[in-house]
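Subject: Handing over the structure

Dear colleague,

Here is the structure I promised to pass on to you. Please look through it first, and then read the notes on what I found in it.

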Amino acid sequence: MVLIPSGSSARSTPATTRVPTSFPKEVPTNRPTGRAMTEDDPYTLSGPQSHDLWAESMAELVLERDPEDPIVTKGGISPSGVPHLGNMNEIARGYFVARALRDRGRAVKQIFTADDRDPLRKLPRKLAGLDGSIVGLGDVDAGALGRNLGKPYTSIPDPFGCCDSYGAHFSTLIERSADALEIPVETVSNTALYESGAFEDVTRYLLAHREQAREVLGEHQEKVDEEYVPFRPICAECGHVTETNSVRSVDLDAGTVEYVCTDVEAGDRIIEGCGHEGRATLREGKLPWRFEWPAQWHVLDVDFEPFGKDHAEGSWPSGADITRQVLGEVPPVPMAYEWFTLDGAPFSSSAGHVVMAQDVLEFLEPEVLRYFFTKDPSKARDFSIERADQLVDEFDEFERGYFEESVTSHETTREANTAYPAIVDSVSEQPIRLPYTFAAVLGMTDDATLREAMARREGHLPENASDRAIERALERVEYARTWAERTDNAYNYRLAAECPAVEFDSDIEAALDDLASVVEREASGEEIQSEIFETAREHDISPGDLFTAGYRLFFGTEQGPKLGPFLAELDREFVVKRLRREA
RNA sequence: GGGCUGGUAGCUCAGUUAGGCAGAGCGACGGACUCUUAAUCCGUCGGUCGGGGGUUCAAGUCCCUCCCAGCCCGCCA
């Protein structure tokens with residue numbers, strides 16, 4: 001993690017020289033009410049779009065603002081707990097816009113802010129280790145965490161003991177998610193922005209204009225009273241982030257405030273203040289979120305910012321207004337996105353109904369997951385682990401749409417032409433793709449030779465394919481196998497290495513022996529399949545019972561893949577012995 | 001209660017810019033194959049485009065209204 005964004009000192013007009021002197025004394029307010037201007041409508045994806053792919057339309061909107069290079073896209077998450085797939089919208093959405101801008105020859109910097117000066121307000125019920133394992137609160141030192149309520153995430157020890165702080169731990173997890181998605185982002189620690197002084201000038205400016213700040217915020221929030229100060233000092237005694245009413249006096253020349261450590265509301269509970277009266281510098285505190293967000297845009301020169309729909313009607317309009325009316329600047333191009341659900345239910349860290357990008361990449365290829373993030377962000381979308389095969393099928397068609405002209409609808413092809421290169425990063429030859437569920441069938445055996453033979457037999461591997469291409473095609477088998485195991489679905493069968501302990505009626509045993517003889521004669525898959533029915537008839541038993549017997553012998557289950565072709569691919573001697581219940 | 005976003009086949013979703021035949025994949029069903037057994041291929045079925053009203057030669061698309069879901073309108077982020 002970089003502590004200070006490299007760009008902030010390299011830019012032609014560093015933030016430190018711009019504030020507070022360059023803030024206009026009189027801010028032009030060309031609107032009588034606090035209502036958002038059309039330009040700041042966060043629903044940039046509603047209505048007519050200029051391009052087939054949303055990211056292209058967003059890039060166009062950004063370019064209309066005539067920004068200087070490097071263009072900055074930003075997202076942010078507070079590192080409060082398990083960073084799930086929905087959180088990755090903050091990074092993945094910005095990435096595709098950054099790509100579109102780069103395609104137009106622009107230099108783009110994608111920033112991710114770890115909003116790690118936010119205070120811990122309640123104990124999370126689930127946490128995640130750096131390896132991605134989800135654990136309950138009881139598995140860590142919950143008491144130690146409880147004693148740190150109210151403190152910034154970066155001031156709380158890592159409950160896993162592996163990182164510098166609670167905040168650093170979960171920021172690291174977020175970074176790992178971005179890495180897993182192969183999205184290059186520059187992580188900026190919010191705490192570092194305060195401690196380095198990067199926020200100091202804008203904080204001073206907001207305090208100097210706190211009257212105006214109150215007025216503008218008051219248009220959006222009712223509970224902004226006389227006592228409201230847009231700065232929350234951190235108590236030198238107990239380490240809590242105090243409330244917006246704790247500041248007693250402001251000394252802008254000295255760059256300090258005097259405060260009283262007050263109680264802080266956290267949901268339906270109160271985090272008690274210690275009553276300490278002290279003095280804090282402008283680096284020893286935190287801007288309230290509604291000011292902190294605009295401050296980030298200002299300090300980091302943000303041109304584009306996607307955010308979840310929870311921000312669209314609250315903090316975005318107020319932040320845009322604060323930027324225009326208090327800071328006298330232009331807020332970034334916004335983009336509100338809808339939330340994901342996971343297998344039909346909302347993501348819930350406390351209920352453990354979460355999945356991280358790292359988990360998903362155990363059963364989906366990175367390009368498939370990246371493809372998921374190219375879909376229209378204005379629609380709520382379900383990410384289904386159960387039906388991961390559907391997503392993969394969709395991706396495969398999408399990919400074919402790119403490589404093969406008009407194999408699919410024009411719409412899909414047009415979108416693929418722009419989105420596909422951004423998904424795979426470097427377009428090479430068209431990869432060989434095994435259908436995902438077929439790959440799951442191949443996953444029933446560990447035998448690499450057998451997997452390849454079965455795939456060839458079904459015509460999924462072209463005769464002239466290179467060894468490397470085949471190797472890559474078969475990589476999908478491991479993904480699909482993990483999926484079958486994880487969801488314990490219809491493909492979760494394993495070829496039993498040892499003969500399961502099974503007992504059969506004598507007529508079934510006789511039928512199995514007959515079948516063994518057929519297999520011994522080098523029968524083809526179809527012949528074996530036919531023979532199962534034939535043998536069943538000869539022994540006056542139902543084919544279903546014979547199939548079941550076969551599945552129990554080979555898989556230890558009642559059902560399985562189409563038996564004839566599957567057996568035909570296995571080692572002949574092994575199949576014969578197993579049918580005779582000998583091995 | 002108010003504002004916003006969304007609602008298209010059983011499921012997942014295209015199609016809404018610019019009004020012009022209701023679409024795809026999956027599932028289901030049937031077949032290819034003396035064969036119910038999750039592969040593969042072919043075919044079929046599947047719709048009150050959330051409901052109602054309006055504009056129009058023509059509405060999934062535009063207008064009005066209602067219903068449902070989510071978000072925001074306290075704090076926090």
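**Cavities, a pocket and two helices**

By class, the lining of the second largest cavity consists of 7 nonpolar residues and 1 polar residue, with no charged residues. Please keep in mind throughout that this is a predicted model.

The residues that line this second largest cavity are Leu-512, Leu-515, Ile-532, Leu-546, Gly-550, Leu-563, Leu-567 and Leu-579, and its volume comes to about 40 Å³. At least two residues of that lining are supplied by each of α20, α22 and α23, the last of these running over residues 563-569.

Helix α20 deserves a closer look, and its length can be checked in a simple way. Its 15 residues, 506-520, should span 21 Å at 1.5 Å a residue, and the end C-alpha atoms are 21 Å apart, which agrees. Which residues of α20 are buried? They are Ile-508, Ala-511, Leu-512, Leu-515, Ala-516, Val-518 and Val-519. Seen down the axis of α20, these buried residues fall within an arc of 160°, so they line one face of the helix. Their packing partners are α21 (525-538), α22 (543-555) and α24 (572-579). Two of the buried residues named for α20, Leu-512 and Leu-515, also appear in the lining of the second largest cavity. After the helix comes Glu-522, which has a positive phi, near 65°.

**The other cavities**

In total, the structure holds 3 cavities of 30 Å³ or more, and the largest cavity has a volume of about 50 Å³. Its lining is made up of Leu-53, Ala-55, Glu-56, Phe-96, Arg-99, Ala-100, Asp-103, Thr-418 and Ala-422, and the elements that give two or more residues to it are α3 (54-64), α4 (89-103) and α16. Among these elements, α4 gives the most, with 4 residues. Divided by class, the lining of the largest cavity has 5 nonpolar, 1 polar and 3 charged residues.

**The second largest pocket**

The second largest pocket has a volume of about 720 Å³. It is lined by 31 residues, and those that lie nearest its centre are Glu-367, Ser-428, Pro-431, Arg-433 and Arg-472. Two or more lining residues come from each of α14 (366-372), α15 (388-403), α16 (410-424) and α19 (467-487), with α19 giving the most, at 7 residues. The lining of this pocket divides into 14 nonpolar, 5 polar and 12 charged residues. Helix α16 therefore deserves attention in both places, since it gives two or more residues to the lining of this pocket and also to that of the largest cavity.**Helix α10**

The last item is helix α10, which covers residues 289-300; at 1.5 Å a residue its 12 residues should span 16 Å, and its end C-alpha atoms are 16 Å apart, which agrees. Is this helix largely enclosed or largely open? Of its 12 residues, 11 are buried, so α10 is largely enclosed by the rest of the structure. The buried residues are Arg-290, Phe-291, Glu-292, Trp-293, Pro-294, Ala-295, Gln-296, Trp-297, His-298, Val-299 and Leu-300. Just after α10, Asp-301 takes a positive phi of about 55°.

With best wishes

Terms used:
Residues are numbered from 1 along each chain as its sequence is written. Chains are lettered from A and ligands numbered from 1 in the order in which they are written. This is a predicted model: local features need pLDDT of at least 70, side-chain atom pairs count only at pLDDT 80 or more; totals for chains, interfaces and linings use all residues. Side-chain values use heavy atoms; hydrogens and water are left out. The expected span of a helix is 1.5 Å times one less than its number of residues. Buried means under 20% relative accessible area, exposed over 50%, partly exposed in between (1.4 Å probe, protein chains only). The arc is that of the directions from the helix axis to the C-beta atoms. Contact means heavy atoms within 4.5 Å. On a 1 Å grid over the protein atoms alone, a cavity is a set of points where a 1.4 Å probe fits but cannot get out, and a pocket is an open set with protein on both sides within 12 Å along at least five of seven lines; lining residues have an atom within 4 Å of a point. Grid points are joined across faces, edges and corners, and a volume is the space filled by probe spheres set on the points. Ala, Val, Leu, Ile, Met, Phe, Trp, Tyr, Cys and Pro count as nonpolar, Asp, Glu, Lys and Arg as charged, and the others, Gly among them, as polar.
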